[in-house]
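This report goes through one structure, site by site. The sequence and the model come first, and the text follows.

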Amino acid sequence: MVQKSSQPDGGETGSLALKILIAGGFGVGKTTLVGAVSEIRPLRTEEQLSQVGSAVDDTGGVDHKTTTTVAMDFGRITIRSGLSLYLFGTPGQDRFWFLWDDLSEGALGAIVLADTRRLVDCFPAVDYFEHRGIPFVVAVNCFSGARAFGAEDVSRALDLDGGTPVVLCDARDRDSGKEVLVRLVGYAGRMYTARLLDSVG
Ligand SMILES: Nc1nc2c(ncn2[C@@H]2O[C@H](COP(=O)(O)OP(=O)(O)OP(=O)(O)O)[C@@H](O)[C@H]2O)c(=O)[nH]1
Ligand SMILES: [Mg+2]
């Protein structure tokens with residue numbers, strides 16, 4: 001989960017790199033978010049949505065989308081001196097679920113992106129992280145034209161555990177994305193500290 005980067009002489013720079021997943025249903029803006037916040041050119045694995053795939057992929061409600069992530073997105077952001085986040089965007093289509101276990105290995109936490117027009121699409125991601133005890137925040141990507149719901153409404157609709165943060169964001173905006181990431185790191189830090197205290201207390 002945490003890496004300390006080393007210098008060639010074996011000394012440590014003291015910088016940390018944390019692994020974060022960007023998850024959620026199909027077409028909710030995962031690739032967009034990783035691209036918006038990454039300070040390196042993001043790695044993308046986009047393929048055209050094909051006629052053949054239309055038989056198995058649920059593209060309802062995302063009419064203008066022509067490509068989809070078939071493996072992962074990857075990016076990096078430094079959120080403060082000495083603390084970087086490695087961002088792994090998951091594929092949204094059900095047929096790529098088998099990749100999630102590998103992608104989530106060693107992750108500090110996850111952002112579950114949600115679109116209130118298709119809220120049900122993020123249930124599997126919420127379930128996945130809840131069952132594995134991986135801390136996550138739900139980030140509502142405020143698409144224009146979507147009816148505005150408050151964080152409270154979304155939290156209730158998803159039946160989230162009391163403390164799970166819900167934040168509103170714009171996946172296309174760097175500052176907005178960064179704010180969600182900072183919120184996740186703080187939340188995950190508190191969760192792990194509480195678990196540690198529980199285990200020794
Ligand atoms: N209006 C608006 N469009 C957005 C926003 N976020 C993403 N989009 C658009 O929505 C589409 C979906 O974005 P992607 O980032 O590819 O979604 P994804 O979750 O990675 O999709 P999959 O990998 O196929 O599951 C793209 O055409 C984006 O330009 C947003 O906040 N507002
Ligand atoms: Mg994608």
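Tyrosine 128 and phenylalanine 129 are both buried. The model is a predicted one. The ring centres of tyrosine 128 and phenylalanine 129 are 5.4 Å apart and the ring planes stand at 85 degrees, so this pair is edge-to-face; the cut-off for that class is over 60 degrees. Both residues belong to one aromatic cluster, made up of Trp97, Trp100, Tyr128, Phe129 and Phe136. The count of aromatic pairs comes to 8.

**Ligand 1**

The shell around ligand 1 holds 17 residues, and those that come nearest are Lys30, Thr31, Thr32, Lys65 and Thr68. By class, this shell has 10 polar, 4 charged and 3 nonpolar residues. Polar contacts to ligand 1 include the three in the table.

| Residue | Protein atom | Atom of ligand 1 | Distance |
|---|---|---|---|
| Glycine 29 | backbone N or O | oxygen | 2.9 Å |
| Lysine 30 | polar side-chain atom | oxygen | 2.8 Å |
| Arginine 172 | side-chain N or O | nitrogen | 3.4 Å |

Taken alone, ligand 1 exposes 650 Å², and 80% of that is buried by the protein. Two elements give two or more residues to the shell around ligand 1: helix H1 (30–37) and strand E4 (67–69). Helix H1 gives the most, with 3 residues.

Helix H1 is itself mostly covered, with 6 of its 8 residues buried. The buried residues of H1 are Lys30, Thr31, Leu33, Val34, Ala36 and Val37. Lys30 is thus both a buried residue of the helix and one of the residues that come nearest to ligand 1.

**The magnesium ion**

Which protein atoms are donors of the magnesium ion, ligand 2? They are OG1 of Thr31 and OG1 of Thr69, lying 2.0 Å from the ion. Threonine 31 is in helix H1 and threonine 69 is in strand E4, so the pair ties together parts that are 38 residues apart in sequence.

Are these two threonines buried or exposed? A residue counts as buried when its relative accessible area is under 20%. Threonine 31 has a relative accessible area of 15% and is therefore buried. Threonine 69, at 5% relative accessibility, also counts as buried. Threonine 31 appears at both ligands: it is a donor of the magnesium ion and is listed among the residues that come nearest to ligand 1.

**Alanine 23**

Alanine 23 lies in strand E2, which covers residues 12–24. Its relative accessibility is 0%, so alanine 23 counts as buried. In sequence, alanine 23 and alanine 110 are 87 residues apart, while in space their C-alpha atoms are 6.9 Å apart.

**Aspartate 159**

Where does aspartate 159 lie? Its place is in the loop between helix H4 (151–157) and strand E9 (166–169). The phi angle of aspartate 159 is near 50 degrees, a positive value in a residue other than glycine. Exposed means over 50% relative accessible area. Aspartate 159 has 63% relative accessibility and so counts as exposed, whereas alanine 23, at 0%, counts as buried.

How values were computed: Residues numbered from 1 in each chain as written. Chains lettered and ligands numbered in written order. Predicted model: local features only at pLDDT ≥ 70, side-chain atom pairs only at ≥ 80, totals over all residues. Heavy atoms only, no water. Near = heavy atom within 4 Å. Polar contact = N/O pair within 3.5 Å; in protein donor to acceptor, adjacent residues only side chain to side chain. Areas by Shrake-Rupley, 256 points an atom, 1.4 Å probe, with all protein chains shown as cover. Helix = DSSP H or I, 4+ residues; strand = E, 2+ residues; numbered from the N terminus. Nonpolar A, V, L, I, M, F, W, Y, C, P; charged D, E, K, R; others polar. Donors = N, O, S within 2.8 Å, 3.2 Å for Na, K, Ca; no water. Buried < 20%, exposed > 50% of the residue type's maximum accessible area, 1.4 Å probe, protein only. Phe/Tyr/Trp six-rings, centres within 6.5 Å; stacked < 30°, edge-to-face > 60°.
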